[in-house]
Structures are given as structure tokens and as C-alpha cells.
Amino acid sequence: MEASGAAGTGMMILWIVVVFGIMYFLMIRPQKKEQKRLQAMINSLEVGDSIVTTSGFYGVVIDMTEEDVIVEFGNNKNCRIPMRKQAIAEVEKAEQASA
């Protein structure tokens, strides 16, 4: 009787490990992959690149610091707003925009 109880406990632990493995490959791994992609995009950001913010605004980067960028929005050259780099959702390189 004790041998079947130990085998049942072993199977339960095995199923818990399998469920955590599935959760890792379906939830955690893709999220980390996306974070790496976003970080690489932000690291490759340069002055003159066209961007889209997380709130949906289109602009052009005109100056950068370590954590912030100054973005010019629209055709109005006086509309320059400093913002965090983490608020950038998409980047289009200056060479691609002109092509």
C-alpha cells in the first residue's frame, strides 16, 4: 500500500513539473523574447529615426540622452516633447523612411 502512495506522489510531482514547463514555454519565454527585442530596438535608436509611441503618436527623434529622447511631433517644428525611451513602441530607421 505504501509503494502505491509513493508512486502517486511521484506522479503528482512529475505533473507539476510538466505544467510549469509548459507555462514557461507558453508564457514566460515569449515575454522575455519580446523584452529583448524591444531593448535591442531602443539600443539601436538614433537621431533622425521615425518612431511611434505606445500611445500612438508619430514623431522624429531630434535629441537623445541615456534614458530620454526629445521627439518632434507633426509638421510644427515647435512641438518638441521629452519622453522616456520605454514609451517607444516602434522605430523606423531614417534610411528606410527615405527609401
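In what order do the five strands of the open sheet come?

**View 1. The whole sheet, strand by strand.** This is a predicted model, and the strands line up as β4-β3-β2-β1-β5, with antiparallel pairing. On the rims sit β4 (80-84) and β5 (88-92), and each of these edge strands pairs on one side only. Look at how the neighbours sit against each other: on average they are turned by 40°, direction ignored. If you're wondering what holds such strands side by side, strands of a sheet pair through backbone hydrogen bonds.

**View 2. How sure the predictor is.** Averaged over the protein, the pLDDT comes to 87, and 91% of the residues score at least 70. Strand β1 (residues 50-53) has the highest confidence, with a mean of 94. At the other end of the scale is helix α2 (residues 94-98), where confidence is lowest and the mean is 63.

**View 3. Strand β3 and its two partners.** Start with β2 and β3, an antiparallel pair with five bridges. One of the spots to find here is V60, whose bridge partner in β3 is E72. Now turn to β3 and β4: these run antiparallel as well, and five bridges join them. Here I70 has P82 in β4 as its bridge partner. β3 and β4 make a hairpin, with six residues between the two strands. Look in the turn for G74, which has a positive phi of about 70°.

**View 4. E72, a buried residue in the sheet.** E72 belongs to strand β3. Is E72 buried or exposed? With a relative accessible area of 10%, E72 is buried. Its side chain reaches the side chain of R80 in a polar contact of 3.1 Å. Setting aside residues up to four places away in sequence, E72 touches G59, V60, I62, K77, C79 and R80.

**View 5. D49, tucked into a loop.** You'll find D49 in the loop between α1 (2-43) and β1. D49 has a relative accessible area of just 1%, so this residue counts as buried. Which side chain does the side chain of D49 meet in a polar contact? That would be K93, at 3.1 Å. Beyond neighbours within four places in sequence, the contacts of D49 include S44, G59, V60 and V61. V91, E92, K93 and A94 are also among the residues in contact with D49.

**View 6. Two aromatic pairs.** A pair of aromatic rings is described by the distance of the centres and the angle of the planes. How many aromatic pairs are there? The count is two. In one of them, the rings of Y24 and F25 have centres 5.2 Å apart and planes at 80°, which is over the 60 degrees needed, so they meet edge-to-face. Y24 itself is partly exposed, at 36% relative accessibility. The rings of F57 and F73 are edge-to-face too, because their planes stand at 70°, and their centres are 6.0 Å apart. F57 is in the loop between β1 and β2 (58-64), while F73 is in strand β3 (residues 68-73), so this pair ties together parts that lie 16 residues apart in sequence. What about their surroundings? F57 counts as exposed, at 52% relative accessibility, whereas F73 is buried, with a relative accessible area of 13%.

Key
Residues numbered from 1 in each chain as written. Heavy atoms only, no water. pLDDT = per-residue confidence, 0-100. Helix = DSSP H or I, 4+ residues; strand = E, 2+ residues; numbered from the N terminus. Phe/Tyr/Trp six-rings, centres within 6.5 Å; stacked < 30°, edge-to-face > 60°. Buried < 20%, exposed > 50% of the residue type's maximum accessible area, 1.4 Å probe, protein only. Pairing = 2+ DSSP bridges. Axes fitted to C-alpha atoms, helices over the stretch in contact; angles between N-to-C directions. Polar contact = N/O pair within 3.5 Å; in protein donor to acceptor, adjacent residues only side chain to side chain. Contact = heavy atoms within 4.5 Å.
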